[in-house]
Amino acid sequence: YRVQANLSYFQRGVLVRYIRILANVSFETRNGWTRTEQAIIDTGCPISIIPRRIWEEVRYGLYPNAEVEISLGGRPAVGRFGQVTLRIHDAEDGERISPPVAIKADLLSDDTFPMILGFEDFLTDVALYSNFSTQEAYLAFPPFSPE
């Protein structure tokens, strides 16, 4: 988890927290895998969002009519609709790595927004367990059988 106080409310004497569930991810490239990056797991986001600095370096595919215009937090963003493959790295030991997961994503034309892992293809195939009161969150992947 990453927790930050909302300063606007805090200045009025009220604690309102921004609570984010984070995941360490790496992406498939032509020559292996990228170094890990932090992504926000957002159960309210229908599709994943990948900033340009990340997706330009990875192996990706584009869908027909790939141009997209979206709004994040009321701010417009443009990009292309495509697919990338990622792996999740265990936050505690970094040695446990998930099997590859192919996800659909909006590949943004700039780096204005953070990387967000949305529901489609990610949380539809992977179970998210979260208990903020005990500070426990983890992902459970279906059984993996190498080809």
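The following exercises, with worked solutions, concern salt bridges, a strand pairing and backbone angles in a predicted model.

**Exercise 1.** Determine which residues are joined with E37 into one salt-bridge network, and state how exposed each member is.

*Solution.*
Step 1. Begin with R35: this residue forms a salt bridge with E37, and the closest N and O atoms are 3.5 Å apart. The separation satisfies the criterion, because a side-chain nitrogen of Arg must lie within 4 Å of a carboxyl oxygen of Glu.
Step 2. Turn to the second partner. The side chain of R53 also meets that of E37 in a salt bridge, at 3.2 Å from N to O. This pair links distant parts of the chain, 16 residues apart: R53 belongs to helix α2 (residues 52–55) and E37 to strand β4 (residues 37–41).
Step 3. Combine the two pairs. Through shared partners, salt bridges join R35, E37 and R53 into one network.
Step 4. Assign the exposure classes. E37 has a relative accessible area of 15% and is therefore buried, the limit being under 20%. R35, at 62%, is exposed, while R53, at 47%, is partly exposed.

**Exercise 2.** State how many salt bridges are counted in the model, and describe the one formed by R96.

*Solution.*
Step 1. The count comes to 6 salt bridges.
Step 2. R96 pairs with D90; their side chains meet at 2.8 Å, N to O.
Step 3. As background, side chains of opposite charge can pair when their charged atoms come close.

**Exercise 3.** Describe how strands β10 and β11 are joined, and identify the residue with a positive phi in their hairpin.

*Solution.*
Step 1. Establish the pairing. Strand β10 spans residues 127–131 and strand β11 residues 136–140; they run antiparallel and are joined by 5 bridges.
Step 2. Locate a facing pair: S130 stands opposite A137 in β11.
Step 3. Examine the connection. The hairpin has 4 residues between the strands, and Q135 takes a positive phi near 60° there.
Step 4. Classify Q135. This residue lies in the loop between β10 and β11 and is partly exposed, with a relative accessible area of 47%.

**Exercise 4.** Explain what makes the phi of D121 noteworthy, and give the setting of this residue.

*Solution.*
Step 1. Recall the general expectation: most residues other than glycine have a negative phi.
Step 2. Apply this to D121, which is not a glycine but has a positive phi of about 70°.
Step 3. Place the residue: D121 is found in helix α3 (residues 119–123). At 12% relative accessibility, D121 counts as buried.

How values were computed:
Residues are numbered from 1 along each chain as its sequence is written. This is a predicted model: local features need pLDDT of at least 70, side-chain atom pairs count only at pLDDT 80 or more; totals for chains, interfaces and linings use all residues. Side-chain values use heavy atoms; hydrogens and water are left out. Two strands pair if DSSP finds at least two bridges between them. Helices (H or I, at least four residues) and strands (E, at least two) are DSSP runs, numbered from the N terminus. Buried means under 20% relative accessible area, exposed over 50%, partly exposed in between (1.4 Å probe, protein chains only).
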